[in-house]
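Me: Could you walk me through this model, with the cut-offs spelled out as we go?

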Amino acid sequence: MSDAAATITRDRQRLEMSALSAPAVIFTVAMIAFPVVYTIWLGFQTFSSTGKQSFAGLANYSKLISDYEFWHGLWITIALFVLSLVLQLVFGVWLALVLFHAKRLPGIVRSLFISPFMMPPVVAGMMWLVILDPSLGAANYILQSLGLPPSDWLASPSLVIPTIALIDSWQWTPYVALIVLGGLQSLPPSVYEAAQIDGATPFKTFPRITLPLLLPTIVTAAILRSVDLLRFFDIIYITTQGGPGNASNTLNIYGFRVGFEFFNIGYASALMLTLTAIVFGAVLAFNRLRGAVAW
Amino acid sequence: MTDAVNTDRWIRRLNLVQLVLAGIIIMAPTVWMVLSSFKPSFEVTAYPPTLVFTPTLDNYVELTKTTPFLSYALNSLIVTVGSTALGLLFGIPAAFAVSWTRITWPAILTLAARMAPGTLFLLPWYVMFRQVGMIGSYTALILSHAVITLPIVIWVLLPSFDGIPRSIFEAAQVDGCRVTRILWRIALPLVASGVAVAAILAFVFSWNYFLFALVLSNGDTKTLIAAAFNFIGEGSTQWGALMAAATLIALPPLVLAALVQRWLVSGLTLGAVKG
């Protein structure tokens with residue numbers, strides 16, 4: 001084949017390849033990129049009670065800085081994020097180690113372990129709403145039969161965030177565990193053999209060898225969970241809608257309510273863009289961390 | 001030597017105890033939900049809670065009588081199947097092209113969409129769909145849910161396409177085979193199992209998705225998940241019917257996920273981890 005003919009073939013092939021990704025790219029631009037640009041524009045608008053919109057400059061953003069609910073929502077978002085992430089990473093690593101040492105995992109056990117995070121978060125919310133009912137729930141019955149005082153769980157302003165973190169951790173700890181298990185299974189066995197010959201006990205090998213080698217996997221799990229945790233919505237909306245009072249009013253819940261309950265689309269856009277910046281900032285920070293712990 | 005064997009046995013037992021404990025914590029709430037759905041109404045709210053009871057289907061009967069449960073389920077099915085089909089239609093060729101050309105930005109673009117909070121898109125969609133009178137239409141719901149399914153399809157299929165030896169394609173190319181033909185006739189049959197996993201994961205996540213249908217559906221097109229809210233409102237004293245609804249809503253994703261459990265985790269991490 002001559003050079004010219006080869007170039008023509010290559011060009012045609014490139015064109016055909018572009019045609020293959022075109023539907024996905026056009027769809028994403030139409031459904032994501034264009035709407036996001038539109039949201040940025042909406043963030044500079046105000047909507048009157050009659051639905052008339054007018055240009056407002058940075059008014060929505062200066063409102064945000066002086067809005068108590070925004071700062072409260074940011075604090076709630078971060079508290080829920082840190083609490084849930086720590087619970088899921090600690091118990092996820094523990095569960096992964098338990099699964100790893102069980103050697104053989106029948107399919108049925110695996111199915112059982114994935115069932116919490118494959119069920120709709122909304123269903124998890126409905127289920128825990130009944131279990132954690134302050135007066136008739138099974139959770140308080142168990143507490144009382146153990147001689148412990150009953151709790152108000154989701155109905156308590158001070159306990160609602162830890163309770164939601166517990167529900168989310170029930171759902172997603174097995175997911176973290178399965179990711180970490182994948183990391184454990186890919187560790188070179190020679191490292192352990194060498195440590196064993198040197199007389200290291202399991203209590204010494206875990207913090208000194210296993211954990212450092214696992215860190216990249218753990219950070220990956222942390223990134224995947226962070227993205228979901230910072231925009232946490234389903235379980236809160238189904239169980240408390242941000243309550244009691246505003247005790248579980250995360251930024252995402254607050255933004256949703258400003259937009260679709262009070263129909264202040266302009267201010268809601270400013271809130272959501274801020275939250276999106278926080279999510280992407282967190283992902284970038286974790287990515288740096290992953291680079292630092294890679295081996 | 002016997003000491004070492006004994007220690008080994010104890011460690012194994014301790015591990016088994018922990019495994020069983022974790023299994024109980026993971027399973028108990030779901031088992032409780034399913035049990036409650038089969039309890040007679042006076043026993044669902046009994047305190048102390050009962051474990052032994054005569055199972056009944058009353059809650060399920062009541063659920064279908066007092067709520068349009070079946071039409072909600074049909075709506076869910078239409079939206080989920082539609083968005084999964086759309087995700088596969090756009091995602092399969094895109095994944096193939098990304099894998100072949102190593103030009104990754106189309107895949108990363110769809111992934112960025114997965115990372116942003118859904119409300120970010122929902123606000124402009126709401127304004128735009130309202131302007132063209134599409135709020136409450138299946139089209140709006142299917143298009144919005146395809147935003148969920150498309151990145152799943154692309155990222156689950158990428159490693160599958162990457163796993164095919166390039167020589168197969170190059171040979172076909174030398175024979176004058178067009179790229180589209182290579183995709184449908186040669187590559188796709190080779191990644192059939194990957195397509196199945198992608199389709200099931202897309203189905204599960206589209207079925208489970210709450211936020212978009214909450215705003216974009218109306219009384220006629222409400223999906224099961226968006227309607228869950230109504231069940232809670234009506235069911236404040238009707239825990240039996242509420243748990244029956246929860247059980248039925250969770251059933252399709254759980255059954256499907258069990259089918260592909262072996263490939264699920266690597267698929268779910270969108271290629272970040274090979275499980």
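**Contacts, interface and core**

In chain A, 71% of the contacts with a separation of 6 or more join residues 24 or more positions apart, a contact being two residues whose C-beta atoms, placed from the backbone, lie within 7 Å. This is a predicted model, where local features need pLDDT of at least 70, side-chain atom pairs count only at pLDDT 80 or more, and totals for chains, interfaces and linings use all residues. Residues are numbered from 1 along each chain as its sequence is written, with chains lettered from A and ligands numbered from 1 in the order in which they are written.

Me: Which helix gives the most to the side of chain A that touches chain B?
Reply: Happy to help! Here 71 residues of chain A are in contact with 75 residues of chain B. With 17 residues, the most on the chain A side comes from helix α1 (residues 3-42); helices are DSSP runs of H or I, at least four residues, and strands are runs of E, at least two, numbered from the N terminus.

Me: What radius of gyration does chain A have?
Reply: The radius is taken over C-alpha atoms, and the globule rule is 2.2 Å times the number of residues to the power 0.38. For 295 residues, a compact globule would come near 19 Å, but chain A has 25 Å.

Me: What share of the residues in chain A is buried?
Reply: Buried means that 20 or more other C-beta atoms lie within 10 Å of a residue's own (exposed: 12 or fewer; partly exposed: in between), with C-beta atoms placed from the backbone. Of the 295 residues in chain A, the buried share is 43%.
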